[in-house]
Every structure is written in C-alpha cells, then in structure tokens.
Amino acid sequence: MTLDSKIPDGPIEKKWFEHKFHMKLVNPANRRKYKIIVVGTGLAGSSVAASLGELGYNVLAFSYHESPRRAHSIAAQGGINAPKNYSNDGDSVYRLFYDTLKGGDYRAREANVYRLAEVSGSIIDQCVAQGVPFARDYAGYLDNRSFGGAQVARTFYARGQTGQQLLLGAYSALIRQMDAGSVKFYERREMLDLVVVDGKARGIVARNLLNGKLESYSADAVILATGGYGNVFYLSTNAKASNATALRQSVLYADPSDMHSCHR
Ligand SMILES: Cc1cc2nc3c(=O)[nH]c(=O)nc-3n(C[C@H](O)[C@H](O)[C@H](O)COP(=O)(O)OP(=O)(O)OC[C@H]3O[C@@H](n4cnc5c(N)ncnc54)[C@H](O)[C@@H]3O)c2cc1C
C-alpha cells in the first residue's frame, strides 16, 4: 500500500486555490440531492456538519457521545491562532505557516499546514459569527496575545476556556441546522468501519451503543472528524475515549506527533 495524501501540485501559495478553482461546483438547487456523513462532532465535525447543512446538503452527523458538547475539543484552553496582524507586529500567513512547522519539529505536512494558515483568518470570522465571546480590548476590538513561544501576538482567546467557548459556538450552529432539518444527529454511535465503493467512501458501519446493534448508513461522501489518537501515547491530556476506533480499519495513519502541530 502506498501512502498518498493527494496533495495538489503547484507552488505552496497557489496549490489549494488552483485545486478549488478546478473542482466542479454543485448548483445550490441540487445540493439537497446529496447526502454527506460526518463522523465526530467536536470542533471539526460540528463546524463542518453545520456549514454543509447551511449550504443545503443533507447531513448525517455521528458521535459516540450523547451530545456534541462532550467532544474533547471542550478541554482546549490557550487559544486559536490566526495571522490577522491586528497587533501590527509583522505577522503573515507565511509566518504562521513557518512557526507551525517549526513548532512541530518539521514533521507536519507542509501543504496542509499552509492551508490551515491560509484559512485561519476566516475561521476566526466564522467563530465570531457563531457567537464565540473572544476576549476584546478596551476599545472593543478582538484582543490577541502571544502564545506558545510565538514572537508575534496572534492568539485569539476566551480566558482559559477557548475550546469550550468555540465548541459551544459550533454546537449552536449545529443545533440550528438540526432544527432546520438539514442535519440529523445520531448520538451514541461508534463508527467501526468505512464502506468503500470503487475507491470512494460511501458509508459507515456503526455500533448503536444503547442497544449494541450494528447499523449501516450510506451517503455520497464521508468526512471523518474523529479527533486525535490520544491513547497512542503513554501520557496524554486527551480523554481515554480519544481512541481512534473509526480509523482502525479505514485509513492509513502516519506520524501521530503531527497532531499537535496541525491544529495550531
Ligand atoms: C487539554 C487540551 C488543551 C488544548 N489546548 C489547545 C489550544 O490552546 N489551542 C489549540 O489550537 N488546540 C488545543 N488543543 C487541541 C485541540 O483542542 C484539538 O486538536 C481539537 O479540539 C480537536 O478537535 P476535533 O474536532 O478534531 O476532535 P474532538 O473534539 O476530539 O472530537 C472528536 C469527535 O469524534 C467522535 N468520535 C471519535 N471516535 C468516534 C467513533 N469511532 N465513532 C463515532 N464518533 C467518534 C467523538 O465523540 C467526538 O465527537 C488542546 C487539547 C487538549 C486535550
């Protein structure tokens, strides 16, 4: 088996833009025809499920917890980085990209880290729109602090409970789509296997943790947002439930130490 992360070609500053530009768009009127499974409803899963629901897709969201609010994202404290350069201390997308790679001992995948740095500003905007009460200065503008040894102040934070506030924001957006009928939430389901048809992920097999029965669900696409594999480490601040059962038989997995640098 070869490990192919399918990173688009081209110079790093252009590869994601070019890739997105050449993708086929789906007409808003046709989005209802597509079903998308999202496994995991932490910060990643809740946000993507809510956003896809708002765009008009039919979303099935799964979690082995009874509520999206139980995801491990709730534990994050320090803050979330974006190079908006509000402090005017010379920050840029490239500098965030560079610092993140360096912080991860140069083991993270460069293209993915670049994409993260590129979209991080919009992620802050999305969080604010979802009602996240980020710290503000006396003039009312969003405050930034220097965090994790960075030479610039680029961390958006909500006291020592940023993850909690971010997850409550994402959860609110998700609940809104659940009420609107575009997202259906399946609680207490543990994904055990991925259904692959002609090389494409088309469904999942999950255990209903309330009655022990196996259930299968089909879709046009599957998004795995099941969090980090904390249990792989002898010591970890992740919950013991962060056990990557969803990944065991489904995907190739490389260098778990990337986990921390990738989300920065
Ligand atoms: C103590 C602590 C402090 C942190 N501080 C920061 C910080 O300051 N800044 C920062 O950027 N990051 C921080 N992080 C890291 C950051 O919080 C995480 O990387 C991020 O929240 C992960 O989000 P996620 O949505 O990918 O995963 P999670 O929040 O772990 O969500 C995973 C979801 O998948 C579900 N799931 C898992 N397996 C299955 C399965 N088999 N079937 C069905 N559902 C499944 C779970 O129920 C859950 O809903 C911190 C982490 C910790 C632990």
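Helices and strands are DSSP runs numbered from the N terminus, with at least four residues for a helix and at least two for a strand. The model described here is predicted.

The ligand is surrounded by 28 residues. The closest are His65, Ser73, Gly79, Met191 and Thr245. Two elements, α2 (43–55) and β6 (189–197), each supply at least two residues of this shell. Strand β6 gives the largest share, 3 residues. By residue class, the shell holds 11 nonpolar, 15 polar and 2 charged residues. Both domains take part in the shell. Domain 1 (30–74 + 162–249) contributes at least three residues, and so does domain 2 (78–160).

Polar contacts to the ligand involve both side-chain and backbone atoms of the protein. A side-chain N or O atom of Ser73 lies 2.5 Å from an oxygen atom of the ligand. Met191 uses its backbone instead: one of its polar backbone atoms is 2.7 Å from a ligand nitrogen. Gln77 also makes a backbone contact, with a polar atom 3.4 Å from a nitrogen atom of the ligand. Taken alone, the ligand exposes 1000 Å². The protein buries 84% of that area.

Strand β6, which supplies shell residues, also belongs to a sheet. This sheet is open and has 3 strands in the order β6-β7-β8. Its pairing is antiparallel. Strands β6 and β8 (214–218) stand at the edges with a single partner strand each, so one side of each has no neighbour in the sheet. From one strand to the next, the twist averages 25 degrees. Strand β7 (residues 200–208) runs antiparallel to β8, and 5 bridges join the two. Within the β8 strand, Leu214 stands opposite Arg207.

A further open sheet has 4 strands, and its pairing is parallel. The strand order is β5-β2-β1-β9. Here the edges are β5 (183–186) and β9 (221–224). Each of these has a single partner strand, so one side of each is left without a neighbour in the sheet. Neighbouring strands are turned against each other by 20 degrees on average, direction ignored. Strand β2 (residues 58–62) pairs with β5 in the parallel sense over 4 bridges. Val59 stands opposite Val183 of β5.

Methods. Residues are numbered from 1 along each chain as its sequence is written. This is a predicted model: local features need pLDDT of at least 70, side-chain atom pairs count only at pLDDT 80 or more; totals for chains, interfaces and linings use all residues. Side-chain values use heavy atoms; hydrogens and water are left out. A residue is near a molecule or strand if one of its heavy atoms lies within 4 Å of it. A polar contact is a pair of N or O atoms within 3.5 Å; within protein, one must be able to donate a hydrogen and the other to accept it, and residues adjacent in sequence count only if both atoms are side-chain atoms. Accessible areas come from the Shrake-Rupley method with a 1.4 Å probe; for residues, only the protein chains shown count as cover. Ala, Val, Leu, Ile, Met, Phe, Trp, Tyr, Cys and Pro count as nonpolar, Asp, Glu, Lys and Arg as charged, and the others, Gly among them, as polar. Domain bounds come from an automatic or database domain assignment. Two strands pair if DSSP finds at least two bridges between them. Axes are lines fitted to C-alpha atoms, for helices over the stretch in contact, and angles run from 0 to 180 degrees between N-to-C directions.
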